[in-house]
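Dear colleague,

Here is the structure I promised to pass on to you, with its sequence. Please open it alongside this message, since the notes below go through it part by part.

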Amino acid sequence: MERRCILNSWSKEEVRAVIRYEWARGVSGTEIHNRLVEVYGPGVMSKQMVRRWCRTFSDGRQQVEDIPRAGRTRTATTDANVRKVDDMIRANRRITIDEVAEELGISHERAQNITHDILRYRKVSAHSVQLALNITDIETIFWSDSMVTLFWLKDKGDWSAFVVNRIKEIKLLFPKSDWCHIPGYMNPADLISRGCSSSKLIESRWWEGPSWLLEPSHTWPVNELINCEASKILLERRKVRLCNL
């Protein structure tokens, strides 16, 4: 009987060596990726990155170790790196932080810092749409079907650092925006999660939102934080430990 197991620990040099070996045997990038996932698990390396390494070896590269970059440390946040990350994300919106780090030879933390804190690429969606359409001065209303989230946004509680940082970020991006509650069954963003066929999804015209948005605002669903589970809210209260000295 064939025995297989998942290797939970591995180095990037080891994975690259496997890719080079399989590439030399004429195995396609997709098949190499499938074999890697069988042995190392789904988090080993993306299919796009495997294909990129196959092309790199085809171009003549032989070593699997990172090539040192002269003149700067490999983890430096340089203007050149920022521009490269920006170009990579614009060319492939599905690229991951690990792929960015792998391509530039920098650490995961540095790639995340450039992507999130400098380029602010986790703020796509509403913020990017407003900037792209040049409509930043109009009234903006956001809707959520999560009572807990709305409570966090409206209440100045002593929340955990996780909640505080995200609420602060939302209010920084959209300081003059109103937040309202939409019942889950009316939320078009939940069509897929509730179970929906492709034909029904097309017929729903979800991109237009609920039909009542075209009506006067006083006819919209009641915007009150009712039936909110206190237990879920309190889970994110800042933890305080008391001790006797």
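To begin with helix 2, which covers residues 29-40, its 12 residues reach 16 Å from the first C-alpha to the last, close to the 16 Å expected at 1.5 Å a residue. Please keep in mind throughout that this is a predicted model. The buried residues of this helix are Gly29, Ile32, His33, Leu36 and Tyr40. They cover an arc of only 100° around the axis, and therefore they sit on the same side of helix 2. That buried set packs against helix 1 (12-24) and helix 3 (47-58). Just after helix 2 comes glycine 41, which takes a positive phi of about 95°.

For the chain overall, the secondary structure comes to 12 helices and 2 strands, and along the sequence these follow the pattern α-α-α-α-α-α-α-β-α-α-β-α-α-α. The protein chain has 245 residues, of which 29% count as buried, and its accessible surface comes to about 17,200 Å², with 53% of that belonging to carbon and sulfur atoms. Among contacts between residues at least 6 apart in sequence, 66% join residues that are at least 24 apart.

Helix 3 can be read in much the way I read helix 2. Its 12 residues should span 16 Å at 1.5 Å a residue, and its end C-alpha atoms are 17 Å apart, which agrees. The residues buried in helix 3 are Met49, Val50, Trp53, Cys54 and Phe57. Seen down the axis of helix 3, these buried residues fall within an arc of 145°, so they line one face of the helix. Their cover includes helix 1, helix 2 and helix 5 (97-104). After helix 3 comes glycine 60, with a positive phi near 115°.

These helices also bear on the cores. In soluble globular proteins, nonpolar side chains tend to be buried together. The largest nonpolar core in this model has 14 residues, and those with the most contacts inside it are Ile19, Ile32, Leu36, Met45 and Val50. Helix 1, helix 2 and helix 3 each supply at least two residues of this core, and the largest share, 5 residues, comes from helix 3. Leucine 36 is a useful residue to display here: leaving out residues up to four places away in sequence, it touches Val15, Val18, Ile19, Gly41, Val44 and Val50. Apart from this core lies another one, of 13 residues, among them Met88, Val100, Leu104 and Ile106.

Between helix 2 and helix 3 there is a loop, and serine 46 has its place in it. Not counting neighbours within four places in sequence, serine 46 is in contact with His33 and Glu99. The C-alpha atoms of serine 46 and isoleucine 95 are separated by 9.1 Å, although the two residues are 49 residues apart along the chain.

Aspartate 86 lies in helix 4, residues 79-91. Is this aspartate 86 buried or exposed? Its relative accessible area is 17%, and because residues under 20% count as buried, aspartate 86 is buried. With residues up to four places away in sequence set aside, aspartate 86 touches Leu119 and Tyr121.

Turning to the strands, strand 1 (residues 141-144) is joined by 4 bridges to strand 2 (residues 178-181), and the two run parallel. Within this pairing, the bridge partner of phenylalanine 142 in strand 2 is tryptophan 179. Strand 1 has a covered face, made up of Phe142 and Ser144, and an uncovered one, made up of Ile141 and Trp143.

The last residue I would point out is tryptophan 212, which lies in the loop between helix 11 (198-204) and helix 12 (230-234). Tryptophan 212 is buried, with a relative accessible area of 14%. Apart from residues up to four places away in sequence, tryptophan 212 touches Trp143, Ile182, Met186, Trp220 and Pro221. Tryptophan 212 and methionine 186, which are 26 residues apart in sequence, are 10.0 Å apart in space, C-alpha to C-alpha.

With best wishes

Terms used: Residues are numbered from 1 along each chain as its sequence is written. This is a predicted model: local features need pLDDT of at least 70, side-chain atom pairs count only at pLDDT 80 or more; totals for chains, interfaces and linings use all residues. Side-chain values use heavy atoms; hydrogens and water are left out. The expected span of a helix is 1.5 Å times one less than its number of residues. Buried means under 20% relative accessible area, exposed over 50%, partly exposed in between (1.4 Å probe, protein chains only). The arc is that of the directions from the helix axis to the C-beta atoms. Contact means heavy atoms within 4.5 Å. Accessible areas come from the Shrake-Rupley method with a 1.4 Å probe; for residues, only the protein chains shown count as cover. A nonpolar core is a set of buried Ala, Val, Leu, Ile, Met, Phe, Trp, Tyr and Cys residues joined through side-chain atoms within 4.5 Å. Two strands pair if DSSP finds at least two bridges between them.
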